[in-house]
Amino acid sequence: MSTFLRMISIHETCYNLNREVSIIAGPSSSDLATRIARDLDAELVPVDVRIFTDGESKIKIGKTKKKYCIIVQSTYPPTDRHLLQALMMIKKCTDCKAMNVYTVIPYLAYARQDRAFLEGEVISMELVAKLLEAVGTRRVITVDIHSSLALSHFTINVQNISSISILADYAANEMKLNKPIVVSPDSGGIIRAREFAKILKVDMMALKKFRDRDTGEVHIDERLDLSVIDRDALLVDDIISSGDSIAKACKVLKKNNSSKVYAICTHALLIGDAMQRIKAAGVEDVIATNSIPSEFAKVDLSRIISENLRNLVHS
Ligand code: R5P
């Protein structure tokens, strides 16, 4: 395509998106929503939220008459509140007869309960998928969902965007690493770690982690498949919650004489004293995306989410 035609096409893309798309800035993700709207040159619709003394939320969405209403709301803690707020916003957009209601949920809570691990357990992810669909979202866009099984509970289309390439770019460009090795804390994260290592062109291995399903207690085998002596280790995981997995993984790496250990994840929940626990184990730093806003959210998801939305709107 000639430069002239490409310029016309870019211009038309911006013009159309501006006319067709509203980005609804959910209370948990207003900064990310603002960045996405800016990237897409789309209308940004503010959301007023009021929390009553009993903990209930009241949501008010600004007026919009666009073809696509795209709600941005991550469901990090307070998880149930953020989830219910997402449901309220979807319901409102659906009631207002928006033609296409899409929901961007960068961190999708309950994805780890994608099956009944013990008899009698509720498959929470199945319920969450049903609720989102019931109130009328036509698509869900999420980032690094915990498992493909979690995705399978939806009957609508779900885009699961990988943040591995932008996290790996950060490691390659912003961190000074000595003989780095990528380490997954468990076998479940092996594909993620492999992709990360491939981008950095370095070795990768997975630790052997076991979790007691009754107590939640984590144990990691101290024997490693590869040597980490005097190497910087990048522990790559999807979620850091209590910090237990990363802290125990770091201790195993240090015991095997690794050099510096960094924790890199998509969703840094960092509940309670997780950060103290991780630091005490010897982790130098935590690098995460802004699916959950915090001082560790050093990698911005807005560009990869915007690219995905642009393709969806024009497909
Ligand atoms: C588990 O399979 C996940 O990938 C994470 O490793 C886990 O959720 C981290 O949780 P925590 O920080 O509580 O150990």
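The paragraphs below walk through a predicted model, moving from its ligand to a few residues and one helix.

Let's start with the ligand. It is surrounded by 14 residues, and the closest are Arg112, Asp237, Asp238, Ser242 and Ser245. If you zoom in on arginine 112, you will find an N or O atom of its side chain 2.7 Å from an oxygen atom of the ligand. The side chain of aspartate 237 likewise places an N or O atom 2.6 Å from a ligand oxygen. For lysine 209, the corresponding distance between a side-chain N or O atom and an oxygen of the ligand is 3.2 Å. How much of the ligand does the protein bury? Taken alone, the ligand exposes 380 Å², and the protein buries 88% of that.

From here, turn to helix α9, which spans residues 274-281. Its buried residues are Ala274, Met275, Ile278 and Ala281. Looking down the axis of α9, you will see these buried residues fall within an arc of 130°, so they line one face of the helix. On the face turned away from that buried side sit the exposed residues Gln276 and Ala280. What covers the buried residues of α9? The cover includes strand β13 (233-240), helix α8 (244-255) and strand β15 (283-289). Just after α9 comes glycine 282, and its phi is positive, near 110°.

Next, have a look at the aromatic rings. The count of aromatic pairs in this model comes to one. Its partners are tyrosine 68 and tyrosine 102, arranged edge-to-face, with 5.7 Å from centre to centre and 65° between the planes. An angle over 60 degrees is what makes the pair count as edge-to-face. Tyrosine 68 belongs to strand β5 and tyrosine 102 to strand β6 (residues 100-105), so the pair ties together parts that are 34 residues apart in sequence. Are these two tyrosines buried or exposed? Both tyrosine 68 and tyrosine 102 are buried.

The loop leading up to β5 offers a contrasting stop. Lysine 63 is found there, between β4 (57-61) and β5 (68-72). With a relative accessibility of 83%, lysine 63 counts as exposed, because the cut-off for that class is over 50%. Its C-alpha atom is separated by 16 Å from that of proline 27, and the two residues are 36 apart along the chain.

Methionine 205 makes a good next stop, in strand β10 (residues 203-206). The relative accessible area of methionine 205 is 3%, so this residue is buried. Which residues does methionine 205 touch, leaving aside those up to four places away in sequence? One group of its contacts is Ile181, Val182, Val183 and Ser184. Methionine 205 also touches Leu224, Asp225, Leu226 and Val228, together with Leu253. By contrast with these contacts, take lysine 176: 29 residues separate it from methionine 205 along the chain, and their C-alpha atoms are 21 Å apart.

Finally, visit serine 124, which is in helix α4 (residues 124-135). Its relative accessible area is 16%, and the cut-off for buried is under 20%, so serine 124 is buried. Not counting residues up to four places away in sequence, serine 124 touches Tyr110 and Gln113.

Terms used. Residues are numbered from 1 along each chain as its sequence is written. This is a predicted model: local features need pLDDT of at least 70, side-chain atom pairs count only at pLDDT 80 or more; totals for chains, interfaces and linings use all residues. Side-chain values use heavy atoms; hydrogens and water are left out. Buried means under 20% relative accessible area, exposed over 50%, partly exposed in between (1.4 Å probe, protein chains only). Helices (H or I, at least four residues) and strands (E, at least two) are DSSP runs, numbered from the N terminus. The arc is that of the directions from the helix axis to the C-beta atoms. Contact means heavy atoms within 4.5 Å. A residue is near a molecule or strand if one of its heavy atoms lies within 4 Å of it. A polar contact is a pair of N or O atoms within 3.5 Å; within protein, one must be able to donate a hydrogen and the other to accept it, and residues adjacent in sequence count only if both atoms are side-chain atoms. Accessible areas come from the Shrake-Rupley method with a 1.4 Å probe; for residues, only the protein chains shown count as cover. Rings of Phe, Tyr and Trp (its six-membered ring) pair if their centres lie within 6.5 Å; planes under 30 degrees apart count as stacked, over 60 as edge-to-face and the rest as tilted.
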